Amino acid sequence: MTTGSFAAASTGFALATSDNLPAVPATPVTTADLIAGSHPLTPDRQAVPLADAIAEPTSASSFTAVSISPDRSTIAPNSSVVFTVRAATADGRTPLAGATVRIAMVDGPKWTTTARLRTNGAGEAYISARLLSTITLTAVFDGSDALRPSLAGATTVTVTAPNTQSTSASEAPSIAGTPSVVTEVPASGIGAKAVYLASLQKGKPYVWGAAGPYAFDCSGYAQYVYRQLGRNLPRTAQQQFQATIRIPKSGKQPGDLIFFGTPGNITHMGIYAGNGYMWAAPQTGRTINLQPIYSSTYYVGRVR
């Protein structure tokens, strides 16, 4: 077991887990016990041989039930919510202690595992998520030689849009005259959040036609970042140019999209970070990085 924090950068939220939190965990959860590698399951019950379970498919002893529930169903951006996972026999009478449970997040038609928890003696585990956008999670018990697998009903936490806008610290220049790299999620403003999410992809390779999460081209990068904030940009740079609101250069703000080329032939783009810099997926052989806006000829588009 390891102790620390688990960050799911591609989803725009940070996770923390614990095996031994109290029945009503404090908020926020700040420590983590994540399963790193293979660990044997040690349920507090007599193991039923697999052959016996197959011979008696109706045996209630082999059926299991898993549930996941948040402590809040609606939160503000960058707020923390604690999910409680419970695993037990199907009748709910016997907790599954020491069971490995996967936490999975919905991404379109796919489910992606974001963490693995181990239940405590009461058959419970907890996970805390700091959210930027609405998220849907489920819990999965994969079963064992004695126990049948089970899937929890999905649960959704809705992130509401902030009512006020404020100037983000990411807009302030550093001493060297370049924008500071954001190290904390800004309190408000979709543009500032976009800059933060863009910075999390630093160092990932440029691949033509790629739209994440492991590689990007310029427009796939912008599409991926804004999808985490509930904005569905079209796929290509030209289409994104047409789908965004034109802003004068003097009025550009962090999070605006910077387009190069001509209105009828957009050839490249980036995400404005402030002080004349942008986050961009440059070209083949290079990686996502913070770079100056390299030309005085460009257009600015603001995501609706």
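## Helix 2 and its surroundings

In this predicted model, helix 2, which spans residues 190-199, is mostly covered, with nine of its 10 residues buried. The buried positions are Gly191, Ala192, Lys193, Ala194, Val195, Tyr196, Leu197, Ala198 and Ser199, a list in which the lysine Lys193 appears alongside residues such as Val195 and Leu197. The cover over these buried residues includes helix 3 (218-227), together with strand 16 (265-274) and strand 17 (277-280).

## Asp256 in its loop

Asp256 is found in the loop that runs between strand 14 (245-247) and strand 15 (257-262). With a relative accessible area of 3%, Asp256 counts as buried, because that value falls under the 20% cut-off.

Two polar contacts involve the side chain of Asp256: one of its polar atoms lies 2.8 Å from the backbone nitrogen of Gln253, and a polar contact of 2.9 Å joins the side chain of Asp256 to that of Arg302. When neighbours within four places in sequence are left aside, the residues in contact with Asp256 are Tyr226, Gly251, Gly270, Ile271, Tyr272, Val300, Gly301 and Arg302, so that Arg302 appears both in this list and as the side-chain polar partner of Asp256.

## Thr84 in strand 7

Thr84 has its place in strand 7, which covers residues 79-89. Its relative accessible area is 10%, and Thr84 is therefore buried, as this value is under 20%. Apart from neighbours within four places in sequence, Thr84 is in contact with Ser67, Ile68 and Ser69, and also with Ala125 and Tyr126.

Note on methods: Residues numbered from 1 in each chain as written. Predicted model: local features only at pLDDT ≥ 70, side-chain atom pairs only at ≥ 80, totals over all residues. Heavy atoms only, no water. Buried < 20%, exposed > 50% of the residue type's maximum accessible area, 1.4 Å probe, protein only. Helix = DSSP H or I, 4+ residues; strand = E, 2+ residues; numbered from the N terminus. Contact = heavy atoms within 4.5 Å. Polar contact = N/O pair within 3.5 Å; in protein donor to acceptor, adjacent residues only side chain to side chain.
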